[in-house]
Amino acid sequence: MGQTIIEKILSNKSGKNVTVGDIVVATVDYVMGQDGTSPLAINAYRAMEGKKLFDPARVALVIDHSSPSPLEAVSNLHTLMRSFARETGCKLYDVGEGVCHQLMLETGRIGPGSLVVGADSHTCTYGALNAFSTGVGSTDLAAALISGKMWFKVPETIKFVCNGKLPPGVYSKDLILFLIGQVTADGATYLSAEYTGEAIRAMSIEARFTVANMAIEMGAKAGLMEADEKTFDWVKRFGGSGFEAVAADADAVYARVLEYDVSALEPQLAKPHRVDNVAPLSELAGTPIHQAVIGTCTNGRLEDLRIAAEILKGRKVSPDVRFIIAPASREIYVQAMREGLLETLVLAGGAVVTPGCGPCVGTHNGVPSDGETVISTANRNFKGRMGNRNAEIYLGSPATVMASAITGKITDPREFL
Amino acid sequence: MEFKGRAHKFGDDINTDYIISGKYKFKTLDMNELARHVMEDLDQDFYSKITPGDFLVAGRNFGCGSSREQAPLAVKHARLSAVLAKSFARIFYRNAINTGLPVVECDTDQIEPGDELVVDLAAGVIHNLTRGVAIEVKPMPSVMLQILSDGGLAAHFRKYGEFKLDQEEENAL
Ligand code: SF4
């Protein structure tokens with residue numbers, strides 16, 4: 001019987017031929033923790049009487065969620081991470097280096113066939129590189145730090161076939177929001193997702209990251225794509241080599257196969273307070289907004305900043321809107337500077353914050369006030385997500401966020417193209 | 001393991017931001033402090049309504065969202081004895097077992113707010129004393145039972161220094 005991508009990766013990493021429902025202990029290639037989860041993982045590591053890391057060269061801790069620290073208690077947790085990194089010899093990414101997932105994508109160590117666990121739910125992002133990567137909690141992370149292994153139940157797979165060509169002004173973010181709206185927030189719970197079809201193949205690698213990033217918003221354990229030239233180019237750019245593509249067999253068995261033609265897709269938005277509360281933009285046009293955010297591990301990449309600058313060129317953000325930009329990594333930040341993108345965004349009224357999570361999770365900057373409405377390129381709009389339960393959050397593509405920032409109300413980006 | 005208490009009921013898709021808001025989770029490793037804010041964005045006075053031993057009862061997909069282990073820990077330190085839901089998000093489910101918070105999959109439509117329950121994990125049944133019904137519990141995967149019976153994953157690692165899971169047995173099932 002044929003295997004899906006995840007069955008193949010878990011077979012390779014556990015040394016046996018696995019099938020859906022098997023429990024396997026598999027070796028991991030890379031382990032990551034961020035500042036919201038690492039302190040508890042360090043506690044668990046001590047509780048497990050961990051003596052050393054399985055391989056310090058395959059472990060990274062990232063200070064990105066509350067970075068720079070807004071208060072002394074957080075500073076102390078950051079310092080705990082720094083001293084753990086010194087003690088164990090693992091890599092520490094400190095304030096200003098970027099959001100964990102972008103940094104992992106830029107290591108060159110994660111590519112086709114890799115198995116990665118990260119103590120952050122959006123670890124599924126690396127699925128766009130044909131890797132099985134998944135979010136775990138702090139105790140699981142500690143176990144992986146010590147043993148270099150993790151246990152998994154081999155999941156069934158749901159396959160999304162996206163045919164056709166996305167129209168101008170409609171992006172990978174619109175597509176993934178649409179898919180989440182279709183299958184709902186628990187439509188893929190315990191399952192792995194595979195995304196394929198002409199529309200996925202046509203996407204840049206950065207656009208694919210956006211799709212894989214949000215697999216968890218449908219409950220999925222992973223969001224995997226096939227490897228192609230773009231995949232290998234990306235990995236090579238960061239010095240990675242030795243990876244081999246993992247493709248599903250033609251006779252692989254899927255829990256469900258869902259086919260869509262994306263050619264007529266409109267820009268989509270997730271409405272408060274659920275990511276699967278999705279509507280076409282046309283139904284929401286005109287809704288006033290007070291803050292606009294470009295950034296996060298979903299859409300804080302160079303391509304996103306280019307799209308934003310393109311729309312904003314020669315225009316200004318509405319005086320009623322605060323516009324925050326959080327580049328996803330230092331590398332992106334510097335490149336955006338060199339290309340003049342940041343100049344365009346800042347002169348038009350934007351405020352650039354430290355590369356990292358930015359206002360995404362309400363821990364250190366850009367908290368909205370009561371009754372305000374935010375439009376953001378992030379992946380979650382739960383009540384209170386940005387630090388205020390009395391604010392509303394809409395999620396859309398960088399183009400939609402930018403167009404809305406200019407007019408001060410939800411606006412179709414195609415008006416500005 | 002047998003627990004007795006009253007039900008506090010919530011809906012479907014209760015995410016980890018609702019269980020413990022992101023704005024608190026990073027500030028401290030003091031779980032008793034975090035526990036005071038449990039479910040705060042949905043019910044501001046929730047913590048004060050808890051009698052030790054009570055149950056958190058919910059619909060589908062409990063614990064979706066982030067991987068923060070602070071979520072099950074805050075529930076546990078709020079002195080709730082277990083979470084009962086129709087289904088759980090996978091990371092939350094693992095985290096709960098790893099940290100020793102019992103999670104019970106069952107038909108929660110048969111439980112109303114305030115109902116008095118006896119949860120008998122060994123027998124796999126919940127007695128709803130208020131309504132006089134017995135609710136069947138969906139069995140837990142055996143590897144999870146193994147981790148729970150070792151006292152959580154940290155204790156499992158202290159004992160074996162690595163993963164020692166009875167996979168063959170599981171795969172034969
Ligand atoms: S940017 Fe937001 S979603 Fe991404 S890792 Fe940071 S907090 Fe999580």
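**Sheets, enclosed spaces and backbone features of the two-chain model**

In chain B, an open sheet of seven strands is arranged in the order 4-3-2-1-5-6-7, and its pairing is mixed. The edges of this sheet are formed by strand 4 (103-105) and strand 7 (133-136) of chain B, each of which has a single partner strand, so that one side of each is left without a neighbour in the sheet. Direction ignored, neighbouring strands of this sheet are turned by 30 degrees against each other on average. The structure described here is a predicted model, and every value reported for it is computed from that model.

Both kinds of pairing can be followed at the level of individual residues. Strand 2 (residues 55-57) and strand 3 (residues 82-85) of chain B run parallel and are joined by three bridges, with Val83(B) in strand 3 of chain B serving as the bridge partner of Leu56(B). Strand 6 (residues 125-128) and strand 7 of chain B, by contrast, run antiparallel and are joined by four bridges; here Ile135(B), in strand 7 of chain B, is the bridge partner of Ile126(B). Strands of a sheet pair through backbone hydrogen bonds, in either a parallel or an antiparallel manner. The hairpin made by strand 6 and strand 7 of chain B has four residues between the strands, and in this hairpin Gly132(B) takes a positive phi near 65 degrees.

Chain A contains an open sheet of five strands in the order 4-3-2-5-6, with parallel pairing. Strand 4 (91-93) and strand 6 (132-135) of chain A stand at its edges with a single partner strand each, and one side of each is therefore left without a neighbour in the sheet. The average turn between neighbouring strands of this sheet, direction ignored, is 15 degrees. Strand 5 (residues 115-119) of chain A runs parallel to strand 6 of chain A and is joined to it by four bridges, and within this pairing Val116(A) has Ser133(A) of strand 6 as its bridge partner.

A search of the whole structure for enclosed spaces finds two cavities of 30 Å³ or more. The largest cavity holds about 190 Å³ of space, and of the 21 residues that line it, those closest to its centre are His65(A), Asp120(A), His122(A), Cys360(A) and Arg385(A). Helix 4 (100-105) and helix 10 (296-299) of chain A each supply at least two residues of this lining, which by class comprises seven nonpolar, nine polar and five charged residues. Because domain 1 (8-13 + 21-260) and domain 2 (270-416) of chain A both give residues to the lining, the largest cavity lies between them.

The second largest cavity has a volume of about 30 Å³. Its lining consists of Ser66(A), Pro70(A), Leu71(A), Val74(A) and Thr363(A), together with Lys23(B), Phe26(B) and Lys27(B), and these residues divide into four nonpolar, two polar and two charged.

The largest pocket has a volume of about 470 Å³. Of the 19 residues that line the largest pocket, the closest to its centre are Lys153(A) and Tyr190(A) from one chain and Tyr93(B), Glu105(B) and Pro141(B) from the other. Strand 7 (149-153) of chain A and helix 6 (90-99) of chain B are the elements that give two or more residues to this lining, and helix 6 of chain B provides the largest share, three residues. By class, the lining of the largest pocket has eleven nonpolar, one polar and seven charged residues.

Aromatic pairs number 13 over all chains. In one of them, the ring centres of Phe382(A) and Tyr18(B) are 6.3 Å apart and the ring planes stand at 55 degrees, so the pair is tilted. This pair crosses between chains, from Phe382(A) in the loop between strand 17 (373-376) and strand 18 (392-395) of chain A to Tyr18(B) in helix 1 (residues 16-19) of chain B.

Backbone geometry in chain A was also examined. Most residues other than glycine have a negative phi, and most peptide bonds are trans. The peptide bond from Ser67(A) to Pro68(A), however, is cis, with omega near 0 degrees, and Pro68(A) lies in the loop between strand 3 (59-62) and helix 3 (72-88) of chain A. A cis peptide bond, with omega about -10 degrees, likewise joins Pro272(A) and His273(A); His273(A) is placed in the loop between strand 12 (268-270) and strand 13 (278-280) of chain A. Thr184(A), a residue other than glycine, has a positive phi near 75 degrees and is found in the loop between helix 6 (172-183) and strand 9 (192-196) of chain A.

Note on methods:
Residues are numbered from 1 along each chain as its sequence is written. Chains are lettered from A and ligands numbered from 1 in the order in which they are written. This is a predicted model: local features need pLDDT of at least 70, side-chain atom pairs count only at pLDDT 80 or more; totals for chains, interfaces and linings use all residues. Side-chain values use heavy atoms; hydrogens and water are left out. On a 1 Å grid over the protein atoms alone, a cavity is a set of points where a 1.4 Å probe fits but cannot get out, and a pocket is an open set with protein on both sides within 12 Å along at least five of seven lines; lining residues have an atom within 4 Å of a point. Grid points are joined across faces, edges and corners, and a volume is the space filled by probe spheres set on the points. Ala, Val, Leu, Ile, Met, Phe, Trp, Tyr, Cys and Pro count as nonpolar, Asp, Glu, Lys and Arg as charged, and the others, Gly among them, as polar. Domain bounds come from an automatic or database domain assignment. Two strands pair if DSSP finds at least two bridges between them. Axes are lines fitted to C-alpha atoms, for helices over the stretch in contact, and angles run from 0 to 180 degrees between N-to-C directions. Rings of Phe, Tyr and Trp (its six-membered ring) pair if their centres lie within 6.5 Å; planes under 30 degrees apart count as stacked, over 60 as edge-to-face and the rest as tilted.
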